[in-house]
Structure formats: C-alpha cells, structure tokens
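Thanks, everyone. I have one model to go through this morning, and I will keep it short. Please have the sequence and the structure up while I talk.

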Amino acid sequence: MPQQQDRAEARRAKVEALRAKDKQRSARRKNVTMSVAAIGVFAVVAAVWLAISSLGSEQAGVNPAAAGAPQVVREDSHRLQTAADGKVTLVEFLDFECEACRAYFPVVEQLRKEYTGRVTFVARYFPIGSHFNAERAARAVEAAARQGKFEAMYQQMYETQTQWGEKQQPADAFFRKMAEGLGLDLAAWDKAYEDPATLARVKKDAADGEALGVQGTPTFFLNGRRIEPQSADEFKAAIDAALAQ
C-alpha cells in the first residue's frame with residue numbers, strides 16, 4: 001500500500017510539473033500577442049457589428065447562440081467506446097503533443113478496460129498553440145478517422161510522442177509513415193490531411209473546449225461536469241459515484 005501511494009504521488013508530481021511547463025509556454029505566447037494588441041480595436045468594431053446583426057436575427061425568430069452553443073459531447077464526437085445505457089460519459093479534451101496528456105494516456109486506457117460496457121469514453125481535440133505539431137497531429141488522427149482508424153492513430157500518437165513532439169519542424173512525413181504503417185489508403189489520407197474540412201473539424205472541438213472554459217490539457221468532463229483527478233483512484237471514485245447515482 002505505501003508503494004502504491006508513493007507511485008500515485010510520483011505520478012501526481014509529474015503531471016503537475018508537465019502542466020506547469022505548458023503554462024509557461026502559454027505565458028510566453030501571450031507576451032508576444034500583446035505586441036499586436038492594437039488590432040483589438042478592429043475586433044471590437046467587428047464584435048459590435050456582429051452583436052447588432054445577431055440582435056436582428058433574434059428579432060426575426062433566429063437564435064444563433066442556441067444553434068452554435070458549446071457542447072461537451074456532439075453527435076460526431078469520437079467515441080473510444082460506448083456504454084449501451086449511456087448513463088456515464090467521460091470526455092477528454094486533449095493535445096497529442098502534450099506531455100501531461102501522454103502521462104494520463106495509460107490511466108485512461110486502464111479505465112477503459114475496467115469500465116468496458118459501463119462508461120462511454122470520448123476524445124476531443126484541443127491542440128495548444130505553443131505546441132508546434134499539435135494541430136498537425138490532430139489533423140493526422142482525423143484523416144485516419146476518415147478510414148475508420150481513429151483509435152489506432154490516437155494510440156500511436158502517444159506511443160510515439162517522444163519521437164516527434166517538442167520539435168520545431170513539421171512532422172507531416174512522420175505522421176504519413178504512421179498512416180502507412182496502419183495500412184491506410186495513403187492517397188485518401190493525404191487528401192484528408194490537407195482538406196480544410198479536416199482542420200475545421202479539429203477547430204470545432206477546440207472552440208467547444210474554449211467556450212466550456214478549457215485552458216489546458218488534459219481536461220476531463222464526467223457527465224458534463226469538469227473533474228480534476230490526480231490519480232487513477234480519484235478517477236475511479238468519481239466514475240463509481242456517477243455509476244451509483
């Protein structure tokens with residue numbers, strides 16, 4: 001038991017360190033962004049114009065906010081596995097280049113095994129801007145999903161992260177090799193990888209995450225409520241409580 005507690009504490013410390021590292025990167029990006037803050041004036045003007053347009057739409061009986069309201073899970077969200085009763089759903093907003101996400105990956109995989117048939121597991125894209133290849137990785141996985149290989153590519157992204165992550169060069173060729181290794185139709189994968197609709201699909205997930213208050217990865221929602229488990233035991237306790245309700 002003491003050894004298990006020590007391992008849990010070590011995992012918690014590692015994840016917190018990785019999250020702190022990501023926050024430092026994000027802070028650096030914000031400092032750069034502030035140098036072009038003058039552009040915000042134009043954004044305000046555009047926002048006012050859009051607000052007026054939206055008001056006109058609502059008066060005409062159209063509610064654009066309701067139509068595009070953020071959702072924790074959408075009809076087309078990628079489900080790693082589905083529970084028949086739909087009672088409990090765990091959603092993860094993730095970044096394939098995020099080291100903290102990779103640290104949580106084996107925990108999530110173990111939970112999937114333990115709760116097969118009882119819990120629905122959903123993965124949603126949330127590439128962090130400071131991660132050079134994060135958006136490319138999401139596009140690569142989405143392109144594989146077009147051929148029914150979402151889960152296989154999702155798993156390989158974490159298994160190979162140390163080979164392509166934390167670099168400032170495009171990993172397109174590496175991801176293409178992964179697709180080839182999975183036996184995908186490369187011509188179709190190439191087309192999907194470059195298709196603007198693929199990037200739009202990734203950005204739709206990220207937009208939902210931002211609207212829901214997601215600021216870093218991984219971020220988990222259990223039955224629509226944000227949770228912050230620091231260990232496998234905390235995950236299980238939250239899931240068991242949801243199942244018992």
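Arg112 sits in helix α4, which covers residues 99-114. This is a predicted model, so keep that in mind throughout. Is Arg112 buried or exposed? Arg112 counts as buried, because its relative accessible area is 8%, and the cut-off for buried is under 20%.

What does the side chain of Arg112 make a polar contact with? The partner is the side chain of Glu151, at 2.8 Å. Setting aside neighbours within four places in sequence, Arg112 also has Leu80, Gln81, Phe121 and Gln155 among its contacts. Of these, Leu80 falls within the range of β1, residues 78-81.

Now the rest of that helix. α4 is 16 residues long, and from first C-alpha to last it reaches 24 Å, close to the expected 22 Å. There is a kink of about 35 degrees at Phe105, shortly before the proline Pro106. Phe105 is also one of the buried residues of α4. That list includes Glu99 and Glu109, along with Ala100, Cys101, Tyr104 and Leu111.

On to the sheet. What is the order of its five strands? The order is β1-β3-β2-β4-β5, in an open sheet with mixed pairing. β1 and β5, the latter being residues 225-227, are at the edges with a single partner strand each, so each has one side without a neighbour in the sheet. From one strand to the next, the twist averages 30 degrees.

Within the sheet, β2, residues 89-94, and β4, residues 219-222, run antiparallel and are joined by four bridges. Leu90 is opposite Leu222 of β4. A helix lies across this part of the sheet: α11, residues 232-244, crosses β2, β4 and β5. The angle between α11 and β4 is about 25 degrees.

Last item, a loop. Asp185 is in the loop between α8, residues 172-181, and α9, residues 186-194. Asp185 is partly exposed, with a relative accessible area of 42%. Which backbone nitrogens lie 3.1 Å from a polar atom of the Asp185 side chain? One belongs to Ala187, and another to Ala188. Going by the numbering, Ala187 and Ala188 fall within the range of α9.

Asp185 also has a neighbour from elsewhere in the chain to point out. Its C-alpha is 8.1 Å from that of Gln147, and the two residues are 38 residues apart along the chain.

That is what I have.

Conventions: Residues are numbered from 1 along each chain as its sequence is written. This is a predicted model: local features need pLDDT of at least 70, side-chain atom pairs count only at pLDDT 80 or more; totals for chains, interfaces and linings use all residues. Side-chain values use heavy atoms; hydrogens and water are left out. Two strands pair if DSSP finds at least two bridges between them. Helices (H or I, at least four residues) and strands (E, at least two) are DSSP runs, numbered from the N terminus. Axes are lines fitted to C-alpha atoms, for helices over the stretch in contact, and angles run from 0 to 180 degrees between N-to-C directions. Contact means heavy atoms within 4.5 Å. Buried means under 20% relative accessible area, exposed over 50%, partly exposed in between (1.4 Å probe, protein chains only). A polar contact is a pair of N or O atoms within 3.5 Å; within protein, one must be able to donate a hydrogen and the other to accept it, and residues adjacent in sequence count only if both atoms are side-chain atoms. The expected span of a helix is 1.5 Å times one less than its number of residues. The bend at a residue is the angle between axes fitted to the seven residues ending there and the seven starting there.
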